[in-house]
Structures are given as structure tokens and as C-alpha cells.
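Let's take a quick tour of a ligand's surroundings and two helices that help form them. Keep the 3D view open while you read.

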Amino acid sequence: MQSVPHADETRGKSILHRIWYSIFRSPPLPVSELDRAQSVANNFFLHIHSAKVHERALRFKTTLGLGLMTFFTFIILVVTGILLMFYYVPTPEKAYDRMLDLRSAVFFGTFLRNMHRWSAHAMVLLALLHMMRVFLTGSHKSPREFNWVLGVFLLLLTLFMSFTGYLLPWDQLAYWAIVVGTAIAGYAPVVGDQVRFILLGDSQVGSEALLRFYVLHVAVLPTVLTLLIGWHFWRIRKDGGLARPREDLALAPAPAGTGSDNAPEDAPPEKEER
Ligand code: HEM
């Protein structure tokens, strides 16, 4: 455990040191080997990338960069979405007019809106292509089954994000798309009517539905997506890095100790075969 500095220890230190200790309770830089190891193990951002990466994982053609591109479109969506929130008002009286104002009266408004719209289309397409790449390279198999399941939830959430965003302009296209979409949900067996009512907050598409779709679109779904993406990345690390063909795994020289840094948590130590 990194020790909490005693008041005496910070006395005489620079003001910057004292501010640091008042916030973090640990030295700015780890001072011992143990501190160093603990800083890495306890910190999500330091631990998410393994210390060693197989060169195959770095080659563009291994992944085609599809997972990362999906992630970057999500970042673009978050940034442009926050900017759009400064103008948008989720009420039937104002929503449509605000979208028109955004296009005509706001500096770069059309560009902002199009960035958001096209990134949303791109994210759906890229997530699907990424899923195909994972499947066609057999990367969904053991020990990565759980990350595949997480991926399926990510895809469903991505689609739900698009669906909830579709209503927000409150134009004819949006209105009728949601009327049809939620009617289809209503046909689901047993729970159909309840799901439709929970989504709309009413028996038809109106102000309650607009508010619900807005809250889901700007707060609930992005938060869940962010957490799941973090978990998805963490699992890649814990599953031993990106998948590699079997013969490649067998040839990998095992570093000292048990198994390589890229080996799955529960994998047996690798044997060096020549
Ligand atoms: C929001 C959507 C998603 C994001 C941001 C994302 C991100 C990533 C990234 C950055 C990687 C590293 C390798 C690469 O770039 O291809 C990866 C790997 C992986 N993803 Fe996704 N992903 C998403 C959706 C999905 C979906 C829909 C599936 C499948 C249902 C999936 C399953 C996997 C699996 C199994 C791996 C490990 C692949 C390997 O070991 O080669 N992901 N993901």
C-alpha cells in the first residue's frame, strides 16, 4: 500500500506538492518498485494496454482498424451531441424550429448537425463491419466469448441510440418513423404493449415520448455505452490481447515466469516449440 503522507512530511515541500497531497494522498510519482507496480495495476488507463503487444496486433490488416474507428465515431458523436444540446429544446413546440434555426442562424450549425448525423450512420456501419471482421477471423471463440457477448450489447445499444435520435428533429420523417417503430415493438409477444407504453409514456407519440427519447439519447444510453466500451477494451487485455492463429500462439516465446503478458488469465503456460 502506498502510505498516506503525514502532515510533517508535506511541511517544507513546495506549494505544488502540498496541493497535490491535499487532493491525492500519494506521491506524484511512485517511489519504489512496489508503488510502481501498484500504480499500474490500480489505474484503469495505465493497465488497459498490456506491457507487451504482439506485432501481429499492430498490423493494420489484423483488425482493419474497425474497432478503433467505431470508437472514434462514438467520440465525435459525444462531442457534436454536447454542442447540439446547447440549442436543442425537447418540446413539440420548439424542437423542429430549433433544428431550422440551427441550420440557418447558427455559425457552422449545418456542419455540426451533419457531422452528428453522418457519424451516427458511420458508427452503425463500422460496428457491423467490426463484428464481421471478428467473426470471420474466428476471434469470437474461446476465450473471447464474453467479449463477443459484450459486443452484441454494444451493437444493440448503438442501434437504439440511432432509433432514439431519429425522433428528436420532430419533423414528419421522424414522427412517422417512431410511430411505425414503436408499433412494431407493440407486436412483441406478451410484453409488447408494456414496452410500447414505457417507450412512449403515453398511448401515442407526443410530448412524453419526445422527452423520454431525449433523456435516453443524451444521458442514459451514452453512459451505458461508455461503461460497456471500457469493459470491452478491458476484456481484450484480460483475454490475452487480440486473437492470433494457433500456430502463432504455439511459436510465441514464453517470457520468464508463468505464461506471456499476452496470455489469457487462465491459460496454461506457453511452451516454446521450434
Ligand atoms: C460500440 C461498438 C464497438 C466498439 C467501440 C468496439 C471496439 C473494439 C476495439 C477497439 C477492438 C480492438 C480490435 C479492433 O480494433 O478490431 C475490439 C475487439 C473486439 N470486439 Fe469490439 N467494438 C464494438 C462492437 C463490437 C461488436 C458488435 C462485437 C461483436 C458482437 C465486438 C466483439 C469484439 C471482439 C470479440 C474483440 C476481440 C477481437 C480479437 O481478439 O481479435 N465488438 N472492439
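Here is a short briefing on the ligand shell and on two helices.

This is a predicted model, where local features need pLDDT of at least 70, side-chain atom pairs count only at pLDDT 80 or more, and totals for chains, interfaces and linings use all residues. Residues are numbered from 1 along each chain as its sequence is written.

**Around the ligand**
- The ligand is surrounded by 26 residues (C-beta atom, placed from the backbone, within 6 Å of it), and the closest are Thr63, Gly67, Ser139, Gly151 and Leu155.
- Of the shell residues, 15 are nonpolar, ten polar and one charged (Ala, Val, Leu, Ile, Met, Phe, Trp, Tyr, Cys and Pro are nonpolar; Asp, Glu, Lys and Arg are charged; the others, Gly among them, are polar).
- α7 (66-85), α9 (109-136), α10 (145-167) and α13 (207-238) each chip in at least two residues (helices are DSSP runs of H or I, at least four residues, numbered from the N terminus).
- α10 gives the most, with seven residues.

**Helix α9**
- Its 28 residues should span 40 Å at 1.5 Å a residue, and the end C-alpha atoms of α9 are indeed 40 Å apart (expected span: 1.5 Å times one less than the number of residues).
- Just past α9, Gly138 has a positive phi of about 70°.

**Helix α13**
- α13 has 32 residues and reaches 45 Å from first to last C-alpha, close to the expected 46 Å.
- At Leu216, α13 bends by about 45° (the angle between axes fitted to the seven residues ending there and the seven starting there).
- After α13 comes Gly240, with a positive phi near 90°.
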